[in-house]
Every structure is written in C-alpha cells, then in structure tokens.
Amino acid sequence: MKLSRFQKSMTNEVFRQEKSPTLNDYLKSYGPRELEERLAIYQNNTFQSLSEVIKDLYPTIELTIGGELLGACARSFIERNPPSSPVMQEYALDFPQFLLTFPPVQSTPYLCDLAKIDLLQHQSYHAKDEDSLPAEAFTAIDITTLASSRIKPISSAFLLSSPYAVFNMWQLAIGECRDEVNANTPQNLLVIRVEALVKVYELDNGVFTFLDALAKNSIVYEALECATEQASDFNPTQAISFLIQSGFTANILGE
C-alpha cells in the first residue's frame, strides 16, 4: 500500500471512524479484536494530543467555560477538522469561528471574539521579528511631512473590534479584573509584541479607527480625519502619542 493511501485510510479510521477493508488487510498480522483495540488507543491518543493543543492555544476559553466543556468542544472540532499540516502551530486557527456553531455554547456568542484574543496573542508572539520605530524617528520629521506619510505597522500588531466587552472579559478570566462586566458593551483592542513581550491594549473608538485606517494604507492625515468623523471625542495628539509609545510603527513611508 502506498504511504499516501495508508495515511488517508488511517485518517478516515481515526477521525471519521470509517472502516477500511484495505487497511484491515494491510494490518492483518493483528487479530480483529487486537486491531480494534490498537486503533482505539491510537485514536484516543491522537484526540488527546490535539485537544491539548487547543487548550494551550485558547487558555482564556478554558478559564471561562471550564476544561470539561472545552474538551467536548475540542473533540467536536477535531472530528470535523483533522490536521492538514504536521506543524501544530498552524492547527485550530479557525477554532474561534467554530465556537459560534457548537450548540452548548451558542448562547454565549462572545466566546468567538474572546478566543480571537488568545489567537492574536499566539500570532503576535510568532510574528516576524521586527523593530518598532523609536520616538526619535518621529521627532525628526516635520508635522507636514508626517501628515502626508503612510505608516507601516510592525508584523506583530493585530487589531480587533468586537460588539462585546471581550477586553474586560479577558481581564476577568486571567484575574486582572474583579468588576462586574456587561458583555454587550462593544470594545476594541490592539495585540502587539514589542521585543519579546506581547501586550493587549484596550482602544477607544477614535484610536482604533485611526490605527485601523493606517493599517489599511491611509496617509496619517486621512486616518486622523476618519477617526475624527467616527468619534466626537477623538484627540489627535493622544492618538499620535499612543502610535509612538505602543511601538505600532515599523517604518514611515513617504507618498
């Protein structure tokens, strides 16, 4: 049997429980009962290992709904989404969307965006190493030139806008918030790694709109205008200050 055919048969057996006569013939040195027991052990170990990958990747979800429910959710996900790559760093990246379809947690749709915070931290941590532009680089440019320039964000910067209070719920889960949280309060955030440290910032609508516009290749002046239109309390000076201090910028590009 060709290796590719054997792998396909094993995948169908382990993840879909589809019996393969060809596989049984290939493994005929084992008796039927022994083969069934060995395959069951292999299936259990495979599911256990992949479940641990999901738990490690989405710790906030385990803290929020508990290990037992997350385990059931992970198993359901694994059954429908067997790995397509041997690189486990790439596995379960679409798990947040799956949470919207898993019946036991459909009454808590905010779990999807909460899981995205974990995912973005993972992606930020593994993003390409890139230095943030120091504050001196901004002070060396006159304001007119800066206004007509574009900002290239560092590779580890990710923005998320949610209709739910996911930043506060994330803080609650990791023990950094003890206040009561209204889940239906929209929140925005930035996940970014500067050097080796991944940080999560809550952003008001104005700053989020500003950074989002920059990330979509708007010049600084256009991004400031867009933020002003979206948020009546937008403060351009504070937004520029956060842009510099957060390490969001990898480079300043002229028109």
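**View 1. A92 is a buried residue in a loop of this predicted model**. The relative accessible area of A92 is 3%; buried means under 20% relative accessible area, exposed over 50%, and partly exposed in between, with a 1.4 Å probe and protein chains only. A92 belongs to the loop between helix 5 (67–80) and helix 6 (95–99). Helices (H or I, at least four residues) and strands (E, at least two) are DSSP runs, numbered from the N terminus. Although A92 is not a glycine, its phi is positive, about 70 degrees. Most residues other than glycine have a negative phi.

Residues are numbered from 1 along each chain as its sequence is written. Because the model is predicted, local features need pLDDT of at least 70 and side-chain atom pairs count only at pLDDT 80 or more, while totals for chains, interfaces and linings use all residues; side-chain values use heavy atoms, with hydrogens and water left out.

**View 2. S51 is a buried residue of helix 3**. Helix 3 spans residues 32–57. S51 has a relative accessible area of 10%. Leaving aside residues up to four places away in sequence, S51 touches A74 and I78, where contact means heavy atoms within 4.5 Å.

**View 3. Three strands form an open sheet**. The strand order is 2-3-4, and the pairing is antiparallel; two strands pair if DSSP finds at least two bridges between them. Strand 2 (158–162) and strand 4 (197–203) are the edges, and each has a single partner strand, so one side of each is left without a neighbour in the sheet. From one strand to the next, the twist averages 20 degrees. Helix 7 (residues 110–125) packs on the sheet and touches strand 2, strand 3 and strand 4. The direction of helix 7 makes about 175 degrees with that of strand 2; axes are lines fitted to C-alpha atoms, for helices over the stretch in contact, and angles run from 0 to 180 degrees between N-to-C directions. Helix 10 (residues 166–173) also lies across strand 2, strand 3 and strand 4, and runs at about 60 degrees to strand 3.

**View 4. Strand 3 and strand 4 form a hairpin**. Strand 3 (residues 187–194) runs antiparallel to strand 4, and seven bridges join them. N188 has L203 in strand 4 as its bridge partner, and I192 has K199. Two residues lie between the strands. E195, in the turn, has a positive phi of about 60 degrees. At 72% relative accessibility, E195 counts as exposed, whereas A92 is buried.

**View 5. Helix 11 packs against helix 13**. Two packed helices are described by the angle between their axes and the distance between the axes. For helix 11 (residues 205–215) and helix 13 (residues 236–245), the angle is about 60 degrees and the axes are 10 Å apart. That angle makes helix 11 oblique to helix 13; angles under 35 degrees count as roughly parallel, over 145 as roughly antiparallel, 65 to 115 as roughly perpendicular and the rest as oblique. V207, F210, L211 and L214 in helix 11 meet A239, I240, F242 and L243 in helix 13. The residues of this contact divide into eight nonpolar, no polar and no charged; Ala, Val, Leu, Ile, Met, Phe, Trp, Tyr, Cys and Pro count as nonpolar, Asp, Glu, Lys and Arg as charged, and the others, Gly among them, as polar.
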